[in-house]
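Let's work through some short exercises together. Keep the sequence and the 3D view open as you go.

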Amino acid sequence: MSNRVTPEVQEEVELMADPYVNQTNGPEAGDIIGAGEPEGGIGVCGWILTGFSWLLVMCTFPLSLCVCIKVVQEYERAVIFRLGRLLTGGAKGPGIFFVLPCIESYTKVDLRTVSFDVPPQEILTKDSVTVSVDAVVYYRVNNATISIANVEDANGSTRLLAQTTLRNVLGTKNLAEILSDREGISQYMQSSLDEATDPWGIKVERVEVKDVRLPVQLQRAMAAEAEAAREARAKVIAAQGENNASRALKEAADTISESPTALQLRYLQTLNTISAEKNSTIIFPLPIDLLSSMMSSKKK
C-alpha cells in the first residue's frame, strides 16, 4: 500500500487545517454595505409598523406633508433608512422625496469636492534628516450610500488617513527626492489614498505637497554648500576663459610676427579707435626695434 500523498490531497488537507479559510472566504467576507441591493425584508412587524405609518400620514393629511416631504439640492443625495435597513434603489435626489414618519430616517450627503490642509508633519527621511511637510488633499463623495453605511465619519477618516499616508510615503524618500520629485510623490499619494478610501465611497481627486520646511542649521549648511559649488564653477569658468584667451593671443602674436607691416597696421587701428572717442591724448607709436638699437649704441 503506497503512503504517497498526491498534490490535490495535500492541498485539501492544508485548507482544512487553516482555521481562517472558511471564515474569510464566506459570502459575507469583504462585503461593502450598500454596494448592491439589500438582502432580506423588514419582517411581519416591519410591515405592520409601515401600515400604521401610512395610516398616520392619511389621518393627518395634509399637515403630514410638511413632515414627510423633503428636498435635497442638486449637489446632495439623501440616504434613507427604514427600520434601520437601507431602502432599495440607493440614495435619493436631487429634488423631492417622501419620508414616512416614525419609521424612516435620512442623512444628507454633499457630493461637492472638499479640500483640506494636512497639518505639518515632522518626518524623518530615509537619510535621517528631520523635515516638516504639509500638503493639501482634494476629494469628493463618490457613493453616498457606501460613505454612510460603511464608515462612521468618512470626512474625518479621510483626513486621518491622509496624514498617515504622507508620513509613510515621505519616510521612504531621501531629502533630495522630496525636494526634486514633488509631482511624483503627489501622484503616488493620490493613488494610495484613492485605493484605500474606495470602500468608503470616497474619490481622492488630487494631492499636492505644499511646503517642505528644513531646520535652520540644515538650511545654512545647504546654502554654504551651494555657494561653495558656485564659486568653484566660477573659478573653473574663469580659468578656462584665461586659457582660451592666452591661446588666441599667442596665435595673434605668431601671425603678426610673420609680417612687420601687420604690426604697423595694428598701431594705426589703435590710433583710429582712440581718435573716434574725441580724446585730447595723442599717441605716437615708437617701434621696439628702434629702442633696442639705441640702447645697444649707448652701451658701446
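**Exercise 1.** Find which residues of α8 are buried, and where they lie around the helix.

*Solution.* Step 1: Ile-185, Ser-186, Met-189, Leu-193, Asp-194 and Thr-197 are buried in α8 (buried is under 20% relative accessible area, exposed over 50%, partly exposed in between, with a 1.4 Å probe and protein chains only). Step 2: these residues cover an arc of only 160° around the axis, so they sit on the same side of α8; the arc is that of the directions from the helix axis to the C-beta atoms. Step 3: on the other side of α8, Gln-187 and Glu-195 are exposed. Step 4: the buried residues of α8 pack against β7, α6, α7 and β8, where contact means heavy atoms within 4.5 Å.

The model is predicted: local features need pLDDT of at least 70, side-chain atom pairs count only at pLDDT 80 or more, and totals for chains, interfaces and linings use all residues. Residues are numbered from 1 along each chain as its sequence is written, and side-chain values use heavy atoms, leaving out hydrogens and water.

**Exercise 2.** Now do the same for α3: which residues are buried?

*Solution.* Step 1: Gly-46, Thr-50, Ser-53 and Val-57 are buried. Step 2: their arc is only 60° around the axis, which puts them on the same side of α3. Step 3: exposed residues on the other side of α3 include Phe-52 and Met-58. Step 4: the buried residues of α3 pack against α4, β2 and β4. (Helices are DSSP runs of H or I with at least four residues, strands runs of E with at least two, numbered from the N terminus.)
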